[in-house]
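Here is my note on the model, point by point. Please read it with the structure open.

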Amino acid sequence: MSMKRTNVYADPEDLAIIKEAAARRGVSEAEIIRQGIHLAAMANRVWDEPLFSRTFEGSGRTPSKDDVRNAVADGVRREGDSEVTA
């Protein structure tokens, strides 16, 4: 991956924290800054497609703990049944 040089202004306190973190982790300060830039870029990215493209049937209410437990148990049972018949 090619890199492009840029200049930014940063708060001296933030730079001191980055310096300490870099020393503690054994990486360069630039690496920590690159990771921060990547996180900021991804947090502000606009995706072409929605995260969830499918809709699911349901009652429209949040399931209870027992509902979830029963649904998982049913799924495990069905999966076990299909392995026996296969």
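**Notes on the predicted model**

1. Start with Glu 29. Its relative accessibility is 33%, so Glu 29 counts as partly exposed. The cut-offs matter here: buried means under 20%, exposed means over 50%, and partly exposed is what lies in between. Please keep in mind that this is a predicted model.

2. What does the side chain of Glu 29 meet in a salt bridge? The partner is Lys 19, with an N to O distance of 3.2 Å. Glu 29 belongs to helix H2 and Lys 19 to helix H1, so this pair ties together parts that are ten residues apart in sequence. The C-alpha atom of Glu 29 also has a computed separation from that of Ala 16: 9.9 Å, for 13 residues along the chain. Ala 16 is a residue of helix H1. With a relative accessibility of 38%, Ala 16 is classed as partly exposed.

3. Now the secondary structure. The protein chain has three helices and zero strands. Read from the N terminus, the order of elements is α-α-α. H1 covers 12-25, H2 covers residues 29-43, and H3 covers residues 65-85.

4. How does the radius of gyration of the protein chain stand against that of a compact globule? The chain has 24 Å, whereas a compact globule of 86 residues would have a value near 12 Å. Along the principal axes, the C-alpha atoms fill a box of roughly 60 × 30 × 30 Å. Any check on the overall shape can begin with these two entries.

5. Burial comes next. Of the 86 residues in the protein chain, buried ones make up 5%. The accessible surface of the chain is about 8600 Å². Carbon and sulfur atoms account for 55% of that surface.

6. There is a nonpolar surface patch to look at. Leu 15, Ile 33 and Ile 37 make it, and its area is about 240 Å². Ile 37 sits in helix H2. Its relative accessibility is 48%, so Ile 37 is counted as partly exposed rather than exposed, the latter needing over 50%.

7. Charges. The protein chain carries 13 positive and 15 negative charges. How far apart are their mean positions? The separation is 4 Å.

8. The salt-bridge count comes to five. One of them joins Arg 61 and Asp 67, whose closest N and O atoms are 2.9 Å apart. Is Arg 61 buried or exposed? Arg 61 is exposed, because its relative accessibility is 51% and the class begins over 50%. Asp 67, at a relative accessible area of 29%, is partly exposed.

9. A further salt bridge is formed by the side chains of Asp 66 and Arg 69, at 3.3 Å from N to O. Both residues lie in helix H3. They are three residues apart, which is about one turn of the helix. Asp 66 is partly exposed, with a relative accessible area of 47%. Arg 69 is partly exposed as well, also with 47%.

10. The segment before H1 deserves its own point. Met 3 lies there, and so does Asn 7. Met 3 has 56% relative accessibility and therefore counts as exposed. Asn 7 is exposed too, with a relative accessible area of 68%.

11. Where do these two residues stand relative to later parts of the chain? The C-alpha atoms of Met 3 and Val 72 are separated by 46 Å, with their positions 69 residues apart along the chain. For Asn 7 and Asp 67, which are 60 residues apart along the chain, the C-alpha separation is 54 Å. Asp 67 is the residue already noted as the salt-bridge partner of Arg 61.

Conventions: Residues numbered from 1 in each chain as written. Predicted model: local features only at pLDDT ≥ 70, side-chain atom pairs only at ≥ 80, totals over all residues. Heavy atoms only, no water. Helix = DSSP H or I, 4+ residues; strand = E, 2+ residues; numbered from the N terminus. Buried < 20%, exposed > 50% of the residue type's maximum accessible area, 1.4 Å probe, protein only. Rg over C-alpha atoms; globule rule 2.2 N^0.38 Å. Areas by Shrake-Rupley, 256 points an atom, 1.4 Å probe, with all protein chains shown as cover. Lys, Arg positive; Asp, Glu negative; His and termini not counted. Charge placed at Lys NZ, Arg CZ, Asp CG, Glu CD. Patch = residues over 30% accessible without salt bridge, like charges linked within 9 Å, V, L, I, M, F, W, Y side chains within 5 Å. Salt bridge = Lys/Arg side-chain N within 4 Å of Asp/Glu carboxyl O.
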